[in-house]
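Colleague: Could you take me through one part of this protein up close, the largest nonpolar core, and then show me how the rest sits around that picture? I'm at the bench all day, so plain talk is fine.

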Amino acid sequence: MLTVIKNIRKFTKSFGICGPVQTTMLVGGGVVTSLLELAGLSILFPMLSIILQPDYLHTNPLMQRVSSVTGITSSAHMTMLIGAAISLVFIVKNAFQILYLNYENHILSNWRINISSKLYQAYMNTEYETFMRHSSSRMINMITSNVPFVLNNYVYKSIILLNYLLTGAVILAFVVYVNWLVAALILVTGVSLAMVYTRVYRRRMQALGQTSQEINRAQYSLLQQAFAGYKETQSHLKENIFSHKFKQNAHKLAKTDGKLFFVENLPLALVEMVIMVMLITIFQIVILSGANVTLAITQVGVIVFASLRMIPVINRTLVCMIMINSSTKPLEELMEEVTRLRFSTSALTNYSALNPAPKTEIIAPLPYTRTLEITNLSYTYPETSEQALSDVSFVAEPGQFIGITGPSGSGKSTLVNILLGFLSSFEGKFTVDGIPVTRANIRSLRQIIGFVDQNIFILDATVAENVAYGHTAENIDREQVKAALAKAQLLDMVEALPQGMDTPVGENGKLLSGGQRQRLVIARAFYRNLKILVLDEASAALDVETEHKLFTYLQTLKGELTVIMIAHRLSTLKECDHIFFMENGTFTAKGTFSQLEKNSPVFRNYLAYNQLNEPRA
């Protein structure tokens, strides 16, 4: 139990939950319930004594005082009064338990919201290098499955285990008052059952709990891949492979959960059997002790009632121990995640802190009136020794068009990630108007810079919600959406849809063509009032005509919007003010399109190959 308490304290401290008031309420509720249980049992003894010994009312000093205060002298009437008192005590006790259960549910619900939200925020605030090394299915499973599993099966079961132990201790103390020998027998029986469980099932339950979590995680990952790769799975005729893997995991999971269910419900039968044998033994002990028969019957009646109260206590105590042990490994995984993420516990400490209507965060943008400058920039990814970028330098002035090209794997995407603030552990300088870009002002940088990635992400929402990314439906500027769609050469298509810009586009835009999806993301960039736009192969899925219209429009923004274009299709870079050719993480040639074509052999070779593969209208 000490280990459990230690783990709970570490868990609550890590997430900044369960302050002094909540701790007092949670523990105090168990104490009150135990005292009410004691009150009910204490009143039972005199009632049985009066029933079996009518003169008990007049011979027992306590009952004499009760009789004097109430004015009741009849044994039958006093029995009715005590019976009513017992009923009232148990009504109050159970009413309190209902209120206490509701309070526990309220607290646990808040904790679940709190912990899940903090974990989500921690993942989203993780360094890009770290984030990309983690499985998305594992992170989702940790938030949606692991957190509730640990809360329900470790934290909550630990709380009610403490309450059951308090209740059991109170009942046992009462039995000690009635007959210490019987109390000793009950104690030995309870401890023996706990020890047997610990020896036989503890490690087994820990292993089953860990296995269940691992299979759940694998099943979630499998489903995520199967649904995301629907077209690939069908075209490769591999539906049965995924189906077979799913059935295998489902079979393993069902067997594991079945074993957990069996062991969880096993104590009910075992405890009932042991208690019945124990009651018969108790009866023999009381009778053979040579006590007064009437007194012996009274004691046996009280002990039987107390024992019947102990059956659910012992049973639920063992069940709690089983569930706590089954969730030990998931708890350890969650605590390891907390240690690895090292996130703050200051925010979201209670339910009221969670505002269902997110407020727009006001972030001052970086000024950009002179230059965006990269100087002698080098970068090496963690756990590698080879530089992805080496001594890269360039300057982009407001309104200029900068083109970057080169073979795959030359470092272009790494440079883009640095420009967008995703990679910050670089050597060299990255400044905007002379202000160094650091982790502290990355969000200010992102107020002025946007990008269109080659890997398109579309929300499962409407056209308007995708263009005004992150804005709630009621806060979308529909005229601004319309203007952005027009700039992205998508307005005519959207207006032809049955619901216009309110038309759902499906999961990751699956109801749109590849070119439409790419233009939708381009419109998303135009929706914001940006000063710098990074296009990373943004026209790769566009046909030649649409690409021409898009870049013709971009030309009209020259002098107003800085555009940094990463492209393999060199025709899109002809109007750039400066073009940088990248190889092996560094710029090997730079100039205008005509200068590079004239002076750079490597660019000419690349251009010749590019023209051979240029798509034709």
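Modeller: Let's go straight to that core. It has 70 residues, and the members that touch the most others are Phe11, Trp111, Leu119, Val155 and Leu334. Keep in mind that this is a predicted model. Helix 7, residues 136–178, gives the core its largest share, with 18 residues. There is a second core too, separate from this one, with 50 residues, and Leu512, Tyr527, Val563 and Phe603 are among them. As background, nonpolar side chains in soluble globular proteins tend to be buried together.

Now zoom in on Leu334. If you skip its neighbours within four places in sequence, Leu334 is in contact with Phe11, Phe15, Leu119, Met142, Asn146, Val147 and Val150. Two of the names in that list, Phe11 and Leu119, also appear with Leu334 among the residues that touch the most other core members.

Phe11 and Leu334 also bring us to a helix pair. Helix 1 covers residues 2–15 and helix 12 covers residues 328–341; their axes come within 11 Å and cross at roughly 35 degrees. The crossing of helix 1 and helix 12 is left-handed. On the helix 1 side you'll find Asn7, Lys10, Phe11, Ser14 and Phe15, and they meet Leu331, Leu334, Met335 and Val338 of helix 12. Sorted by class, that contact has 6 nonpolar, 2 polar and 1 charged residues.

Here's a smaller spot to click on as well: Thr79, which is found in helix 5, residues 75–124. Is Thr79 buried or exposed? Thr79 counts as buried because its relative accessibility is 18%, and the cut-off for buried is under 20%. Apart from residues up to four places away in sequence, Thr79 touches Met47, Ile50 and Ile51.

On to the strands. One open sheet has 6 strands in the order 6-7-8-3-9-10, with mixed pairing. Strand 6 and strand 10 (586–591) are the edge strands, each pairing on one side only. From one strand to the next, the twist averages 20 degrees.

Strand 7, residues 532–536, is a good one to look at inside that sheet. It is mostly covered, with 5 of its 5 residues buried. In a regular strand, side chains alternate between the two faces of the sheet. For strand 7, both faces are covered: Ile532, Val534 and Asp536 are buried on one side, and Leu533 and Leu535 are buried on the other. Strand 7 pairs with strand 6 (residues 449–452) in the parallel sense over 4 bridges, and Ile449 stands opposite Ile532 there. Strand 7 also runs parallel to strand 8, residues 562–566, and 5 bridges join the two. In that pairing, Asp536 has Ile566 of strand 8 as its bridge partner.

Over at strand 10, the pairing with strand 9 (residues 578–583) is antiparallel, over 5 bridges. Met582 has Phe587 of strand 10 as its bridge partner.

There's another open sheet, with 4 strands in the order 2-1-4-5 and antiparallel pairing. Strand 2 (389–396) and strand 5 stand at its edges with a single partner strand each, so one side of each has no neighbour in the sheet. Strand 1 (residues 372–379) and strand 4 (residues 427–432) pair antiparallel over 5 bridges, with Ser378 opposite Glu427 of strand 4. Strand 4 then pairs with strand 5, residues 435–436, antiparallel over 2 bridges. Across that pairing, Thr431 stands opposite Pro436, and Val432 stands opposite Ile435. Strand 4 and strand 5 form a hairpin with 2 residues between the strands, and in this hairpin Asp433 takes a positive phi near 50 degrees.

To put all of that in the setting of the whole chain: the secondary structure comes to 21 helices and 10 strands. Of the 617 residues in the protein, 46% are buried. And if you take the contacts with a separation of 6 or more, residues 24 or more positions apart account for 76% of them.

Notes:
Residues numbered from 1 in each chain as written. Predicted model: local features only at pLDDT ≥ 70, side-chain atom pairs only at ≥ 80, totals over all residues. Heavy atoms only, no water. Axes fitted to C-alpha atoms, helices over the stretch in contact; angles between N-to-C directions. Left-handed = near helix turned anticlockwise from the far one by under 90°. Contact = heavy atoms within 4.5 Å. Nonpolar A, V, L, I, M, F, W, Y, C, P; charged D, E, K, R; others polar. Core = buried A, V, L, I, M, F, W, Y, C linked by side-chain atoms within 4.5 Å. Buried < 20%, exposed > 50% of the residue type's maximum accessible area, 1.4 Å probe, protein only. Pairing = 2+ DSSP bridges.
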